[in-house]
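Colleague: I'm new to this one and don't want the whole tour. Could you pick a single part, look at it closely, and then show me how it ties in with what lies around it?

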Amino acid sequence: MVCILLSNGFEEAEAIVPADLLRRAGVEVALTALEGELVSGSHQIAIKADLTLDQVDPDQVELVFLPGGMGGVKCLGEDPRVSQLVHQVYEKGGYVAAICAAPTLLAAFGLLEGKRAVCYPGMEDEMAGARMEPSVPFVADGRLVTGEAAGSAFPFSLKLVELLRGAETAQQVRTAVHYHG
């Protein structure tokens, strides 16, 4: 299962595009709220969560994903359960992904030391120890995947599909949605 963590103020495109493309690839995706059923994005689009964070079994998570959006990232960073889940998934061999402002959380959690990464332009100073790759939509370094911003949601998401279900499936999804980027 892919667990997409949502907190009020998340960037809608950065959560919904990955959820959509991963589901098209046959991946089980759980839109996961820190608490409650409805989560309001940074552009006041409310999303109904599939689960709350307390309902997640870390042993069932093959990828945990943190979307950006400054308000959402702030809330995710303030909840110790988020860091705990990220570390549990990574330590058991799963993938960890973050986009936009959220890679700064991976840096704060100590996961990016010496790893190649990207984040929202201007936030590089918050990427403690990461080897920054400027002006690319995403970077995959082992089991860590970071994305630049909302405009990177499609190529970033297709990389997640590729990592979880293979290049052929990623190409099928790319073709199905007519993504030409």
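Modeller: Sure, and a definition comes first: two strands count as a pair if DSSP finds at least two bridges between them. Keep in mind that this is a predicted model. The part I'd pick is the hairpin made by β10 and β11, with two residues between the strands. β10 covers residues 138-141, and β11 covers residues 144-147. The two run antiparallel and are joined by four bridges, so they pass the cut-off of at least two. In the turn you'll find Gly142, whose phi is positive, about 65 degrees.

Now look at the two faces of β10. Val139 and Asp141 make up the covered face, while Phe138 and Ala140 sit on the uncovered one. Across from Ala140, on β11, stands Val145.

Val145 is a handy way into the interior, but we need the largest nonpolar core before we get to it. That core has 33 residues, and Leu5, Val64, Leu66, Val82 and Val86 touch the most other members. Two or more residues each come from β1, β6, α2, α3, β7 and α4, with α3 giving the largest share, five residues. Apart from this core lies another one, of 32 residues, and here our Val145 turns up, along with Leu6, Phe10 and Ala97, among others. Ala97 is also one of the residues that Val64 touches, leaving aside those up to four places away in sequence; Cys3, Leu5 and Tyr95 are others.

One of the elements feeding the largest core is α2, which spans residues 70-78 and has Gly72, Val73 and Leu76 as its buried residues. These three lie on the same side of the helix because they cover an arc of only 100 degrees around its axis. β1, β6, α3 and α4 are among the elements that cover them. Turn to the other side of α2, and Met70, Lys74 and Glu78 are exposed.

What about the cysteines? There are zero disulfides in the structure. Cys3, which we met as a contact of Val64, has its nearest cysteine sulfur, that of Cys75, 16 Å away. Cys3 is buried too, at a relative accessible area of 0%. Cys119 is in no disulfide either, and the closest cysteine sulfur to it belongs to Cys100, 8.6 Å away. With 2% relative accessibility, Cys119 is also buried.

Methods
Residues numbered from 1 in each chain as written. Predicted model: local features only at pLDDT ≥ 70, side-chain atom pairs only at ≥ 80, totals over all residues. Heavy atoms only, no water. Buried < 20%, exposed > 50% of the residue type's maximum accessible area, 1.4 Å probe, protein only. Disulfide = S-S within 2.5 Å. Arc of directions from axis to C-beta. Contact = heavy atoms within 4.5 Å. Core = buried A, V, L, I, M, F, W, Y, C linked by side-chain atoms within 4.5 Å.
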